[in-house]
Amino acid sequence: MALGRRRAKQQDLWVAATNLPQAPGHPFYQKLNQLLAEAGFDAYVEELCRPFYAEKVGRPGIPPGTYFRMLFIGYFEGLDSQRGIAWRCSDSRSLQSFLGFLADEATPDHSSLTVIRQRLPETVHEQVFAFVLRIAEVKELLRGKTVAVDATFLEANAAMKTIVRRDTGDDWKAYVRKLAAEAGIEDPTDEELRRFDKTRKDKKVSNEEWVSSSDPDSRIAKMKDGTTHLAYKAEHAVDLKSNLVLAAEVHAADRADNATMMDTVLSAQINLVRAEATADIKEVVADKGYHKAETLSACAAAGIRTYIPEAKKQQRRRWTDKPVAWERAYRGNHRRVHGRRSKALQRLRSEYVERTFAHVCETGGARRSWLRGLVKVSKRYLMQVAAHNLGVMMRKLFGIGTPRSLQGGFAALFAWLSFRIFINWTSMRQHQRFALSRRYDAPVRLLNVA
């Protein structure tokens with residue numbers, strides 16, 4: 001075979017469609033398309049989005065099924081921005097096949113995703129999320145009796161430099177300059193301002209006094225790595241039997257966990273009703289950050305048993321000025337928490353819920369949001385979690401939950417075969433050594449016996 005050399009080429013003026021190379025397609029995306037087609041996904045979302053488009057006016061828009069598939073690709077490929085999704089879809093022929101585009105057709109641009117997201121309200125995205133749960137119900141994968149609730153922070157698309165005072169509208173530099181003037185420093189330079197700001201006491205920023213000028217819905221929060229960022233709070237309600245996320249709510253980062261738990265549980269129950277599931281939520285498991293007598297009472301009034309441990313306190317609780325229902329719910333939860341079932345459920349909660357955050361936020365690319373506004377972030381994040389649920393179903397139905405699992409599957413198979421060959425070779429060598437030792441030791445044993 002002769003050596004091939006790279007040369008400059010010129011595209012022909014006309015190319016027949018039959019001469020274009022055909023993409024073989026990715027096995028994972030082929031199976032996913034098969035699952036969506038079996039459930040009638042495209043027909044459902046087109047009928048769902050019909051009221052938000054004009055009838056026979058203007059050019060036909062991008063099919064809604066293509067829009068939602070591109071958001072699913074963002075999760076499966078670990079892409080956190082719409083530009084990255086649009087570039088990846090235009091670059092990959094297997095993804096073009098998954099979206100339903102031929103080799104001579106262009107995939108949608110990132111600006112088209114923005115236009116469609118602004119056109120479709122949040123309720124449409126919620127109903128698409130529930131439709132994915134309906135697929136799980138049809139496949140008999142959805143249980144929904146016992147759910148676990150936990151939350152994490154999402155970094156907002158805004159910097160701390162953009163915060164301004166709520167009362168005066170001053171930014172941080174103007175605020176520090178006023179403090180320096182009150183301290184007797186007249187007309188300070190930028191270096192003197194930084195030195196003064198670094199050494200002054202009681203330097204705090206609170207959401208009651210400060211707000212971001214670029215993203216007013218974001219809130220100041222301390223992330224898990226100890227840094228302070230403008231962020232949102234994402235809360236999951238996970239089915240402990242199937243590992244499916246029944247609700248994914250995005251709240252303001254400064255809202256307490258015990259204040260948002262009932263909203264998330266209610267959304268999970270609504271999604272079960274939309275999915276036409278027969279199960280109802282009967283038990284809720286959470287960590288001690290969700291413990292509050294009022295929240296426990298609300299769950300008890302809804303017929304939901306809680307397994308929420310209580311943080312240790314120095315003083316005993318007093319119920320003289322509290323409703324009787326609060327004390328009854330508190331004592332019932334206290335009794336259940338110390339049981340054997342509660343410990344088992346807490347182990348499952350720490351495993352399953354944290355796993356969903358790892359898949360959606362870390363490998364799925366949702367930890368850093370490139371959108372601004374609570375509604376926009378909620379739309380995108382909800383589709384990320386819907387793609388996660390599709391991955392869970394794909395793993396249980398076909399054994400593969402992500403496109404990259406095939407690479408890991410072949411590597412695991414090769415490693416297993418190598419290990420078995422090594423074990424067989426080692427055992428064979430040991431058997432040969434044992435046989436040789438028995439052969440040479442036999443005359444010696446006979447002489448000893450004689």
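Here are a few notes on the aromatic rings in this predicted model.

1. Let's start with the overall tally. Searching the whole structure turns up 13 aromatic pairs. Each such pair of rings is described by how far apart the centres are and by the angle of the planes.

2. Take Phe28 and Phe76. Their rings meet edge-to-face, with 5.1 Å centre to centre and 70° between the planes. Phe28 belongs to helix α1 (residues 27–39) and Phe76 to helix α3 (residues 64–76), so this pair ties together parts that sit 48 residues apart in sequence. Are these two buried or exposed? Phe28 is buried, and Phe76 is too.

3. Next door in sequence, have a look at Tyr29. Tyr29 pairs with Phe98 in a tilted arrangement: the planes make 45°, and the distance is 4.9 Å centre to centre. Here too the pair links distant parts of the chain, with Tyr29 in helix α1 and Phe98 in helix α5 (residues 93–99), 69 residues apart. Tyr29 and Phe98 are both buried.

4. Which residues make up the cluster with these rings? Phe28, Tyr29, Tyr75, Phe76 and Phe98 form one aromatic cluster. Worth viewing them together on screen, then.

5. Finally, two arginines to look at. Arg119 lies over the face of Tyr53, 4.8 Å from the ring centre. For Arg336, the charged end sits over the ring of Tyr307, at 6.0 Å from the centre of that ring.

Terms used. Residues numbered from 1 in each chain as written. Predicted model: local features only at pLDDT ≥ 70, side-chain atom pairs only at ≥ 80, totals over all residues. Heavy atoms only, no water. Phe/Tyr/Trp six-rings, centres within 6.5 Å; stacked < 30°, edge-to-face > 60°. Helix = DSSP H or I, 4+ residues; strand = E, 2+ residues; numbered from the N terminus. Buried < 20%, exposed > 50% of the residue type's maximum accessible area, 1.4 Å probe, protein only. Lys NZ or Arg CZ within 6 Å of the ring centre and 35° of its normal.
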